[in-house]
Amino acid sequence: MQAEKDAEFVGAALDAGLRAARFSLPPSSEEFAASIEPKNVPAVFRGVLKGSAALSRWDPLYGGLDYLLEKVGPDVAVEAMMSNTGHVFYGDLRSHERVSILFSTFMQSCKSHLGHLNAASDSSKDKGIGKESTCSDKMCPARSENSEQLYLAQVSILNTENKDRSSLEVLKEDIQEPIFLKGKSFSSINFWMSRAHMRSSTHYDPHHNLLCVMAGCKKVTLWSPSASPFLYPMPVYGEASNHSCVSIEEPDYSSYTRAKYMKEYSERVILNCGDALFIPEGWYHQVDSDDLTIAINFWWKSRIMTEMLEHMDGYYLRRIMRRLVDTEMNKITQMSSFSHSERNNDFQSTDGLSGGQYFTPIKRHCSQPFNKVTNSDTSDKKGAALQSLKPCTLQALYELMSLVHNSVEAVDQNDRAESASQDTSVCQNNERKKTAADDSSLLEKDPVAKIILPVEPLELRSMLLAMVHTFPRTLEGLVLNILGPTGAEILTRKFDEMDQGSTPEEQAEFYKIFYSAFGDQYAAMDALLNRKELYSFKVFQSVLDQYLRVRVDRPS
């Protein structure tokens, strides 16, 4: 079981294009800048630090602690993290505190710990216990039970914004940046050291990051920014907004239901002494460090962040939110693969809310005169209309009719049509009180949506026309009273798909007949529009919750 935890792995759901690249030889700075960094995907560089002064001088197993003690001196104070949760360091300020400690005091503590490790190792040898060492057990034959866990985290060697904070600046003399970072303007270079085995919480950084292991071993688990919904980031307005809410040791899946899938979207890489890992900005990572592991990291601003103009932030925010909402809408409305899609590869689903096309399928026929369906119009078509439907389409029709008949009580049909606008308003007011508080699918909550989603667009058109000619009052009740927000979105998307396979004349004829089933055609259009907007807002709520952990009510 421990071997499985210590091994590298790639989650089954992780897209192949998001898997970390591996390099046995360091790329040139030109190759890194042109083909590695712009992809915003992690990359592992094996042995890239070999030959550096820090690698040979800092190793605790070979006098590195004494060297660092002498190099930095006895009187330099550094800021350390002290965990209130044992060997796990969470980003939440309530679970740890920053304490000032002399660097020499920490080094002496590490030397004492190393002595205990050596004694334990010698005892094992005396008893004849031996095995081939691994990344974890070479440095960790024993686990510290100390309740006060100290970790030198992000101690500055170089800080371009505040040089006074560079308490370990003297160590820069031992550091040689990897060749592929040549010419980078670093925001900071930091020193990281664990006395005993420790774990950092899952978080992301706002800079590109090259993590370099100078001694010991680190196991780094990575998630793409697109995996945010599974990680439950803390609210964007909070102090630790770049950290996940999910405990890495005892995850509460009852509170964070999506988190049960987080491993499927992750990748774990193991970094030994001399290895480096490029972690692009925004990528979540959780790090396990063995005893007496030392690392440095280089932070620099990405090109996209450097080039973003502050006065454009409002636009960027709206554009990104729009894209996330559109992506989420498409996920929900395309959960079922339609058989027609294989025969029509050129079809592209229209953007449900983009530009002037938003209301096209509903408004297209507004300028056309509506003619009420009469008995003489339909008397010779009723039987033929039903008989022309495929068995699966006929089944869907009967399911829709059952929904209407089971849901609509004995209410006069004319009263129901006249109160459609009021019913829609009441529906909206009720929905405004709800937030994206759970993870159940909007599709699962909408029975009409589930019925019409798998129906091919042209078959749905035949079914709707059959309802107009045979059950017009049922169609009216379905649209005005039963159709939910997700169903309205799917229905109008189906309209778009129908139109792509029809001539303008066929489109006009269909909408003329469809809207003729309603006593008030504009009430029907209002119902569809209002519920589409409500669906969009529900998806917007979901996006805010998944990516920003923010919940909002719909404005009145």
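A residue is called buried when its relative accessible area is under 20% and exposed when that area is over 50%. The structure described here is a predicted model, and this report considers one helix and one strand.

**Helix 8**

Helix 8 covers residues 313–333 and comprises 21 residues. At 1.5 Å a residue it should span 30 Å, and its end C-alpha atoms are indeed 30 Å apart, so expectation and model agree. Its buried residues are Met321, Val325, Asp326, Glu328, Met329, Ile332 and Thr333. Seen down the helix axis, these buried residues fall within an arc of 165 degrees, and they therefore line one face of helix 8. An α-helix has 3.6 residues a turn, so residues three or four places apart point the same way. Arg319 and Arg323 are exposed and lie on the face of helix 8 turned away from its buried side. The partners against which the buried residues pack are helix 19 (485–500) and helix 21 (521–548).

**Strand 14**

Strand 14 spans residues 284–289; because 6 of its 6 residues are buried, the strand is largely enclosed by the rest of the structure. Tyr284, Gln286 and Asp288 point one way from strand 14, while His285, Val287 and Ser289 point the other way. Two strands that pair with strand 14 are set out below.

| Strand paired with strand 14 | Bridges | Direction |
|---|---|---|
| Strand 9 (residues 198–200) | 2 bridges | antiparallel |
| Strand 11 (residues 217–223) | 6 bridges | antiparallel |

Within these pairings, Arg199 stands opposite Asp288 of strand 14, and Lys218 stands opposite Ser289 of strand 14.

Methods: Residues are numbered from 1 along each chain as its sequence is written. This is a predicted model: local features need pLDDT of at least 70, side-chain atom pairs count only at pLDDT 80 or more; totals for chains, interfaces and linings use all residues. Side-chain values use heavy atoms; hydrogens and water are left out. Helices (H or I, at least four residues) and strands (E, at least two) are DSSP runs, numbered from the N terminus. The expected span of a helix is 1.5 Å times one less than its number of residues. Buried means under 20% relative accessible area, exposed over 50%, partly exposed in between (1.4 Å probe, protein chains only). The arc is that of the directions from the helix axis to the C-beta atoms. Contact means heavy atoms within 4.5 Å. Two strands pair if DSSP finds at least two bridges between them.
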